[in-house]
Amino acid sequence: MEHIKKDIVVVGGGPGGLAAAVTAAREGASVLLVERNGYLGGQLGSGLPFLAFWDKKRRQVIGGFAQEFVDRLQEAGASYGHAYCPHHLSTTLIHPFYSRILCFEMVKEAGVELLMHCELSGVKRSGNRIESIIVTGKGQPIEIKADIFIDGTGDGDLAAMGGAECEKGNEQNVMQPPTLMFNLGGVDFDRFCDFIVEHPEELPYDVLQNIEEGYNAEFLRTNKSFIFLGMHHLLEELRKKGECPVDRETVIFIRQPIPGEVAINTIRLLNFDGSDIRDLSKGEMEAHLQIPKLIKMFKEHVPGFENAHLSSINASIGVRESRRVKGIKMLAHEDAIAGKKPEDTIALCSYFIDIHNGAGQGTYRVSIEEPFGIPYGCLVSKDLENLMMAGRDISVDNITFGATRIMNVCMAAGQAAGDAAAMAVAGSYKPAEVDTKKLREKLLAQKAILDI
């Protein structure tokens, strides 16, 4: 068996893991990033946009690594930057394929070592400390030792395999449903906007409460960064005929920074656990088989989509929710809704609480009037002294998770985890002992936004 030793090992190269690895390496730590796919960025390459860089008052609340990522995409002509949205506060379209290229650029520049196509297959611990992990790729097992491990798997795989306490879902153990993103080309946006002018009832005002005025055909026509959410009446009409291909109340599609293309975020798989390999296997098949039905629905019933064609399918299913790792602090939804910003805040979040029903139709939403702070303790495992979290598996309750799961918040948390891990390695102390005042100073120097 091959053996590797690094200061910091990050498992999972999605938005949070990417930010953690690059940030830690920039601070001088030796970093290894392990990724099971052949690309980095996770759902950054799916067609999904960044949401809520701005709050309800149109103030920017996320900076640092996430803003740098957007800036570099803009320089490459792969993003339009931030744009106001009456529903999502702000939207930031990102080119799904160039995003993958940028991930590799940033990793290479920072000096992060990569192990791609490797799956976490074992964890060795001594007392309350991870000694090493085993990863396997192409039938080759590799043992990796590190001072600090960062779980960027999204599903809390590293934490769970190491015996750290985790939570899943709500009180009924129901988790938000996953989706499989796919792109359609050949869309006539003007024709679609004409349809909305004629059928304003297909806008989501009668099914969603937290949308400001101005979300209308004119907004869609003049905003090249729009996300469309609606068609409730169309879906109900098709459902009565037995022709609705998904069990949800609205259609979502995202205009892409690619001419004539949209990314469809409408597939829904119910009673699904993204940390269960059987559910994942069944889900990948069922999600793919929903795609032709949805294309047929769009082409036959939605003006502007008559000539649409399938242009791409995301490489893997998009899991909205699975494990959350319990940290030395837990962010409760009462504090999030109240807009509290504790002294050890390492990132802000202004996105509304957005919980898709994992057992049927419906979506639960609660507005966030003032941005709330994510405490540093949410990134540090309470059970394993050298384990940190970066991404959607941080320590929040199941309701707060509805807001913190978005990609730029994962990046902001990942940046803080990377900085803190590098500080702990340099000072030869545990992540729980990091001076949060100094960590915040470092984050502010890196243009993170911690108060507003």
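Axes are taken here as lines fitted to C-alpha atoms, for helices over the stretch in contact, and the angles between them run from 0 to 180 degrees between N-to-C directions. In the predicted model, helices H1 and H2 pack on this basis at an angle of about 100°, with their axes 11 Å apart. Angles of 65 to 115 degrees count as roughly perpendicular, and H1 and H2 are therefore roughly perpendicular to each other. On the H1 side the residues that meet H2 are Leu 18, Ala 19, Val 22, Thr 23 and Arg 26, and their counterparts in H2 are Phe 65, Glu 68, Phe 69 and Arg 72. Sorted by class, this contact of H1 with H2 comprises five nonpolar residues, one polar residue and three charged residues.

Helix H1 also packs against H11, here at an angle of about 30° and with the axes 7 Å apart. The crossing in which H1 passes H11 is right-handed. From H1 the contact draws on Pro 15, Gly 16, Leu 18, Ala 19, Ala 20, Thr 23 and Ala 24, while H11 contributes Met 407, Cys 410, Met 411, Gly 414, Gln 415, Gly 418, Asp 419 and Ala 422. The contact of H1 with H11 holds nine nonpolar, five polar and one charged residues. Leu 18, Ala 19 and Thr 23 of H1 are thus listed in the contact with H2 and also in the contact with H11.

A further packing partner of helix H11, which spans residues 407-427, is helix H12, which spans residues 436-445; the angle between the two is about 125°, and their axes lie 10 Å apart. H11 and H12 are therefore oblique to each other, and H11 passes H12 in a right-handed crossing. The residues that make the contact are Gln 415, Ala 416, Asp 419, Ala 420 and Met 423 on H11, together with Lys 438, Leu 439, Lys 442 and Leu 443 on H12. Five of the residues in the contact of H11 with H12 are nonpolar, one is polar and three are charged. Gln 415 and Asp 419 of H11 appear in the contact with H12 and likewise in that with H1.

The second largest pocket, with a volume of about 200 Å³, is lined by residues that include Thr 23, Arg 26, Phe 65, Glu 68 and Gln 415. Two or more lining residues are supplied by helix H1 (15-26) and by helix H2 (64-75), and the largest share, five residues, comes from H2. The lining of the second largest pocket divides by class into one nonpolar, six polar and five charged residues. Thr 23, Arg 26, Phe 65 and Glu 68, which belong to this lining, are also among the residues through which H1 and H2 meet.

Enclosed space was examined as well, and one cavity of 30 Å³ or more is present in the structure. The largest cavity contains about 70 Å³ of space and has a lining of 13 residues, of which Ile 346, Ala 347, Ala 412, Ala 448 and Ile 449 lie nearest its centre. At least two residues of this lining come from strand E17 (345-349), and at least two from H11; the largest share, three residues, is that of E17. By class, the lining of the largest cavity consists of 10 nonpolar and three polar residues, with no charged residues.

Conventions: Residues numbered from 1 in each chain as written. Predicted model: local features only at pLDDT ≥ 70, side-chain atom pairs only at ≥ 80, totals over all residues. Heavy atoms only, no water. Helix = DSSP H or I, 4+ residues; strand = E, 2+ residues; numbered from the N terminus. Parallel < 35°, antiparallel > 145°, perpendicular 65-115°, else oblique. Left-handed = near helix turned anticlockwise from the far one by under 90°. Contact = heavy atoms within 4.5 Å. Nonpolar A, V, L, I, M, F, W, Y, C, P; charged D, E, K, R; others polar. 1 Å grid on protein atoms, 1.4 Å probe; cavity = no way out; pocket = protein on both sides within 12 Å on 5 of 7 lines; lining within 4 Å. Points joined across faces, edges and corners; volume = space filled by probe spheres on them.
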